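Grab a pencil and have the viewer ready. Here are a few exercises to work through, each with a solution you can check step by step.

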Amino acid sequence: MTQQFKKEENKASIYRVKLGIKLKEIRLEKGFSIKDIIDMTSISKSSILKIEKGEAKNIDNYVEYAKAVEYPLENLVDFKIKLEPLNQLSIERKEATKLTAKIRKHIVNTAFLIDGKTIAEIRNELIRINQIDSKVKSTDIAGVMRNLADDDVIKKEKLGNKNLYLKI
């Protein structure tokens with residue numbers, strides 16, 4: 001196990017421990033026994049004990065337990081969890097997400113792709129409406145369009161040796 005993975009696992013387990021303690025606290029406040037939680041959730045006794053210690057890994061069990069004791073999971077803000085990823089995206093990936101957002105807004109979410117367009121046509125349109133600089137490469141746009149097609153946001157068809165992108 002890598003050092004980074006251990007560090008990430010420890011952070012995650014801190015949140016599980018805090019959540020487990022909170023769920024047990026609420027269970028006791030409401031006068032529920034472990035058997036009551038088992039009956040309400042169908043979670044095994046050993047899993048309930050693991051949840052309360054923060055040792056359970058299955059998030060679904062924490063959710064079911066929380067529902068049983070009527071603990072709204074939006075209260076997880078009580079744990080002061082920083083809403084930031086463990087690893088930051090590279091500058092290149094951040095720029096790519098900006099390009100994706102522009103393509104979604106000005107190309108995908110409009111009628112532009114109804115008749116199908118090539119990468120060159122998409123690039124020219126983005127330049128025409130001042131959404132990208134002429135330095136943005138067709139390959140960058142093609143990467144975004146491939147990802148959108150893989151995500152079934154748009155449709156990709158072959159047109160000779162080029163790809164044609166269409167609105168679904």
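The exercises below all use this predicted model.

**Exercise 1. Find which residues have the most contacts inside the largest nonpolar core, and which helix gives the most to this core.**

Solution.
- Step 1: Start with the core itself. The largest one holds 19 residues, and those with the most contacts inside it are I103, L113, I122, I141, M145 and I154.
- Step 2: Map it onto elements. Helix 5 (91-108), helix 6 (119-128) and helix 7 (138-150) each give two or more residues.
- Step 3: Pick the top contributor. That's helix 7, with 6 residues.
- Step 4: Zoom in on I103. Leaving out residues up to four places away in sequence, I103 touches V108, L126, I141, V144, M145 and L148.
- Step 5: Don't stop at one core. A second, separate core has 15 residues, including L19, I37, Y65 and A68.

For background, nonpolar side chains tend to be buried together in soluble globular proteins.

**Exercise 2. Work out in which sense strand 1 and strand 2 pair, and over how many bridges.**

Solution.
- Step 1: Locate the strands. Strand 1 covers residues 154-159 and strand 2 covers residues 162-167.
- Step 2: Read the pairing. The two run in the antiparallel sense, over 6 bridges.
- Step 3: Check the register with one pair: E157 stands opposite L164 in strand 2.
- Step 4: Look at the connection. Strand 1 and strand 2 make a hairpin with 2 residues between them, and G160 in the turn has a positive phi of about 65 degrees.

**Exercise 3. Take two residues with positive phi, N130 and D152, and decide: is each one buried or exposed?**

Solution.
- Step 1: Recall the background. Most residues other than glycine have a negative phi.
- Step 2: Take N130. Its phi is near 60 degrees, and N130 sits in the loop between helix 6 and helix 7. Its relative accessible area is 67%, so N130 is exposed, the cut-off being over 50%.
- Step 3: Take D152. Here phi is near 60 degrees, and D152 lies in the loop between helix 7 and strand 1. D152 has 61% relative accessibility, so it counts as exposed.

**Exercise 4. Describe the surroundings of T41 in helix 2.**

Solution.
- Step 1: Place the residue. T41 belongs to helix 2 (residues 34-41).
- Step 2: Judge its burial. T41 counts as buried because its relative accessibility is 12%, and the limit is under 20%.
- Step 3: List its contacts. Beyond neighbours within four places in sequence, T41 is in contact with I48, E64, Y65 and A68.
- Step 4: Add the polar side. A polar atom of the T41 side chain lies 3.1 Å from the backbone nitrogen of I43.

Methods. Residues numbered from 1 in each chain as written. Predicted model: local features only at pLDDT ≥ 70, side-chain atom pairs only at ≥ 80, totals over all residues. Heavy atoms only, no water. Core = buried A, V, L, I, M, F, W, Y, C linked by side-chain atoms within 4.5 Å. Buried < 20%, exposed > 50% of the residue type's maximum accessible area, 1.4 Å probe, protein only. Helix = DSSP H or I, 4+ residues; strand = E, 2+ residues; numbered from the N terminus. Contact = heavy atoms within 4.5 Å. Pairing = 2+ DSSP bridges. Polar contact = N/O pair within 3.5 Å; in protein donor to acceptor, adjacent residues only side chain to side chain.
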